[in-house]
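Q: Please take a close look at the empty space in this model and at the packing around it. I'd like the definitions spelled out as you go.

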Amino acid sequence: MRIELEKRPKISLLYTFLSPILALCLTIVAGAIMFVILGKDPGLALYSFFIEPLTEVWSLHELAIKAAPLILIAVGLSVCYRSNNWNIGAEGQFIMGAVAGSIVPVVFHQWHSALVLPLMLVMGMIGGALYAGIPAFLKARMNTNEILTSLMLVYVAQLFLDWLVRGPWRDPGGFNFPVTRAFAPEAILPEMLASGRANYGFAFAIVAALAIWFMMRFTLKGFEITVLGLSERAGRFAGFSSRRMIWFSMLLSGAFAGLAGISEVSGAIGKLQPVISPGYGFTAIIVAFLGRLNPLAIIVAGLVLGLTYLGGEAAQISLGLSDKVVRVFQGLLLFFVLSCDTLIQYRIRIVWRRVTRGTVAEGAH
């Protein structure tokens with residue numbers, strides 16, 4: 001006996017639309033079971049995760065801070081994935097964007113100008129794009145698997161950041177703690193509203209999502225991305241270059257990840273430190289697929305995943321749960337999203353194999 005996946009002749013549009021909602025519901029059910037196993041009240045735990053963070057104005061601002069990098073990174077990744085280029089290293093590009101953008105406020109900290117913040121944002125995008133250019137170059141020139149190269153470069157970026165803040169960039173007046181000097185006021189991303197901490201990083205994310213949605217829907221470049229993603233051979237017949245698309249999609253996603261990195265550092269943190277991300281680059285992969293690689297739906301998905309971060313912090317305080325529970329929730333969500341999508345496009349086929357009088361007979365169900 002063996003189990004095969006057979007592509008369905010017709011895919012249900014209704015189930016395709018309902019798939020992310022069904023995946024979220026299954027995640028909540030599985031999470032409730034997990035809380036019971038942990039000896040916690042599932043109703044109270046789910047309330048702490050998904051409702052309590054929405055009851056205060058300040059927590060809504062925190063939700064915007066958590067969701068902004070997820071949306072910004074996921075929008076860039078959606079272009080990669082729709083063009084069949086699998087950038088898994090957005091976490092490293094996020095870090096390198098933060099490092100590149102921090103050159104001005106750390107190395108040239110005595111320079112005070114209105115140009116500091118715009119220059120930081122531009123340098124952050126360039127840093128993220130250049131770092132994404134490494135796996136792009138390796139794939140375009142040597143046909144190297146971009147999944148492996150982009151993922152391995154994440155650890156290089158993390159170690160490079162750790163070396164910087166413990167070595168050449170460590171604050172001389174920071175009592176030997178592994179942090180850089182605090183950014184000057186002109187290097188801080190301003191808050192959008194006076195009622196909380198939410199900064200313009202969230203606005204960047206919304207603008208990026210709208211821009212990519214417009215590109216995918218109404219421009220030739222969007223059509224090129226779709227065609228090459230569905231069939232590279234068909235794209236070549238249309239005159240599109242898969243090699244140029246590798247560069248375009250990887251550099252674009254790297255630039256967005258870099259912008260998310262420098263926005264996080266200059267907005268929410270205010271300096272560089274050994275850890276500047278709780279895993280935004282990896283969680284953004286879940287956001288991209290939960291949003292069906294649609295930039296507008298990614299906004300909603302980013303808010304949902306941002307809520308798991310915020311709710312996880314609330315659950316740690318009120319219920320004494322481990323921070324690993326958040327990762328389990330996110331992993332369950334990705335599992336159910338991919339499972340639902342797979343079962344919508346394929347049906348399970350069980351093939352029975354039996355031997356009768358020296359011959360092999362097969363039957364399928």
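**Cavities, pockets and their walls**

A: The structure holds three cavities of 30 Å³ or more. A cavity is a set of points on a 1 Å grid, over the protein atoms alone, where a 1.4 Å probe fits but cannot get out. Grid points are joined across faces, edges and corners, and a volume is the space filled by probe spheres set on the points. Keep in mind that this is a predicted model: local features need pLDDT of at least 70 and side-chain atom pairs count only at pLDDT 80 or more, while totals for chains, interfaces and linings use all residues. Residues are numbered from 1 along each chain as its sequence is written, and side-chain values use heavy atoms, with hydrogens and water left out.

The largest cavity has about 90 Å³ of space. Its lining (residues with an atom within 4 Å of a point) includes Ala64, Ile65, Ala68, Pro69 and Leu72, along with Phe202, Ser263 and Glu264. Helices α3, α8 and α11 each give two or more residues to that lining, and α3 gives the most, with five. Helices here are DSSP runs of H or I with at least four residues, numbered from the N terminus. By class, the wall of the largest cavity has eight nonpolar, three polar and one charged residue. For the bookkeeping, Ala, Val, Leu, Ile, Met, Phe, Trp, Tyr, Cys and Pro count as nonpolar, Asp, Glu, Lys and Arg as charged, and the others, Gly among them, as polar.

The second largest cavity has a volume of about 50 Å³. Leu24, Thr27, Phe50, Val304, Leu305, Thr308, Phe329, Gln330 and Leu333 line it, with α1, α13 and α14 each supplying at least two of those residues. That second cavity has no charged residue in its lining, just six nonpolar and three polar.

Thr308 leads us to Val326, a residue of helix α14. The C-alpha atoms of Val326 and Thr308 are separated by 6.4 Å, though the two are 18 residues apart along the chain. Setting aside residues up to four places away in sequence, Val326 touches Phe49, Thr308, Tyr309 and Gly312, where contact means heavy atoms within 4.5 Å. Val326 is buried, at 6% relative accessible area; buried means under 20%, exposed over 50% and partly exposed in between, with a 1.4 Å probe and protein chains only. Ser48, in helix α2 (residues 42-50), is buried too, with a relative accessible area of 1%. Beyond its neighbours within four places in sequence, Ser48 is in contact with Pro53, Gly311, Ala314, Ala315, Ser318 and Leu319.

On to the pockets. A pocket is an open set of points with protein on both sides within 12 Å along at least five of seven lines. The largest pocket holds about 870 Å³ of space. Of its 24 lining residues, Arg82, Phe289, Arg292, Leu293 and Gln345 lie nearest the centre. Two or more lining residues come from each of α1 (13-37), α3 (57-82), α8, α9 (220-230) and α14 (324-345). Helix α14 has the largest share, with five residues. The lining of the largest pocket splits into 13 nonpolar, seven polar and four charged residues.

The second largest pocket has about 230 Å³. Of the 15 residues that line it, Asn85, Lys139, Glu232, Ser242 and Ile246 are closest to its centre. Helices α6 (116-142), α9 and α11 (242-269) each give two or more residues to this lining, and α11 gives the most, with four. The split here is five nonpolar, seven polar and three charged.

Helix α9 is on the wall lists of both pockets. Its buried residues are Gly222, Glu224, Ile225, Val227 and Leu228, and these pack against α3, α8, α10 (232-237) and α11.

Last, the α8 packing. Two packed helices are described by the angle between their axes and the distance between the axes. The axes of α8 (residues 201-218) and α13 (residues 295-319) come within 8 Å and cross at roughly 150°. That makes α8 roughly antiparallel to α13. The axes are lines fitted to C-alpha atoms over the stretch in contact, with angles from 0 to 180 degrees between N-to-C directions; under 35 degrees counts as roughly parallel, over 145 as roughly antiparallel, 65 to 115 as roughly perpendicular and the rest as oblique. Phe202, Ile206, Ala209, Leu210, Ile212 and Trp213 in α8 meet Pro295, Leu296, Ile299 and Leu303 in α13. By class, this contact has 10 nonpolar residues, with no polar and no charged ones.
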